[in-house]
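Student: Hi! I'm new to this one and would like to go through how its helices pack. Can we look at it together?
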Amino acid sequence: MSATMFDRYGGFGSVHRVVLSFYDKLLDSDVVGPYFDDIDMPALVDHQTKFISQVMGGPVTYTNKVLDQVHRNLDIDQEAFDEMADILERTLQEFDFRADDVRTIMADIKSRQPYIVTNK
Ligand code: HEM
């Protein structure tokens, strides 16, 4: 059996570093930064670490139903979603993720769009 991406990149510790860098960039963005003004960032980084780990084949914590519940009242539009996806893609590239792995992760993230974007 081949190792999952989660194992190949070094598990939660490595994903955590990627997510921290991802959030630094999100907060600097004029498009998505304001959504996070009143949010408990350490908790969110922790959640996102679990989520990205799950996408990489690690333990599963988040269903689409949960993503829908969490984002339903945040009024997220397509521009914000696209900006966040672009920033994640850049971060994975900076951390030297393989091109095919970046594609796999981004395809998963983009498939969640209907559960995140509510301001259409
Ligand atoms: C596919 C893309 C996305 C995924 C997979 C995702 C995933 C998550 C997860 C796992 C949480 C934590 C849930 C929990 O508390 O247990 C969360 C919370 C949050 N997300 Fe997202 N997210 C995405 C896109 C976005 C976008 C585009 C925005 C805003 C521009 C956003 C804003 C937020 C905010 C503000 C919270 C915190 C909500 C709170 O604590 O009240 N998310 N997200």
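Tutor: Happy to! Keep in mind that this is a predicted model. Let's start with helix α2 (residues 11–28) and helix α3 (residues 41–55), whose axes lie 9 Å apart and make an angle of about 125°.

Student: What do you call that orientation of α2 and α3 to each other?
Tutor: The two are oblique to each other, because an angle of about 125° is not over 145 and is outside 65 to 115.

Student: And which hand does the crossing of α2 and α3 have, left or right?
Tutor: Right-handed, as α2 passes α3.

Student: Which residues make the contact?
Tutor: From α2 they are Phe12, Val15, His16, Val19, Leu20, Tyr23 and Leu27. On the α3 side you'll find Met41, Leu44, Val45, Gln48, Thr49, Lys50, Ile52 and Ser53.

Student: How does that contact divide by class?
Tutor: There are ten nonpolar residues, four polar ones and one charged one in the contact of α2 with α3.

Student: Okay, new topic: how do α5 and α6 cross?
Tutor: Helix α5 (residues 78–94) and helix α6 (residues 99–111) cross at roughly 160°, and their axes come within 10 Å. That angle is over 145, so α5 is roughly antiparallel to α6. The crossing of α5 past α6 is right-handed.

Student: Which residues meet there?
Tutor: α5 brings Phe81, Ala85, Leu88, Glu89, Leu92 and Gln93, and these meet Val102, Ile105, Met106, Ile109 and Lys110 of α6.

Student: How many of those are charged?
Tutor: Two are charged, alongside eight nonpolar and one polar in the contact of α5 with α6.

How values were computed:
Residues are numbered from 1 along each chain as its sequence is written. This is a predicted model: local features need pLDDT of at least 70, side-chain atom pairs count only at pLDDT 80 or more; totals for chains, interfaces and linings use all residues. Side-chain values use heavy atoms; hydrogens and water are left out. Axes are lines fitted to C-alpha atoms, for helices over the stretch in contact, and angles run from 0 to 180 degrees between N-to-C directions. Helices (H or I, at least four residues) and strands (E, at least two) are DSSP runs, numbered from the N terminus. Angles under 35 degrees count as roughly parallel, over 145 as roughly antiparallel, 65 to 115 as roughly perpendicular and the rest as oblique. A crossing is left-handed if the near helix is turned anticlockwise from the far one by less than a right angle, and right-handed if clockwise. Contact means heavy atoms within 4.5 Å. Ala, Val, Leu, Ile, Met, Phe, Trp, Tyr, Cys and Pro count as nonpolar, Asp, Glu, Lys and Arg as charged, and the others, Gly among them, as polar.
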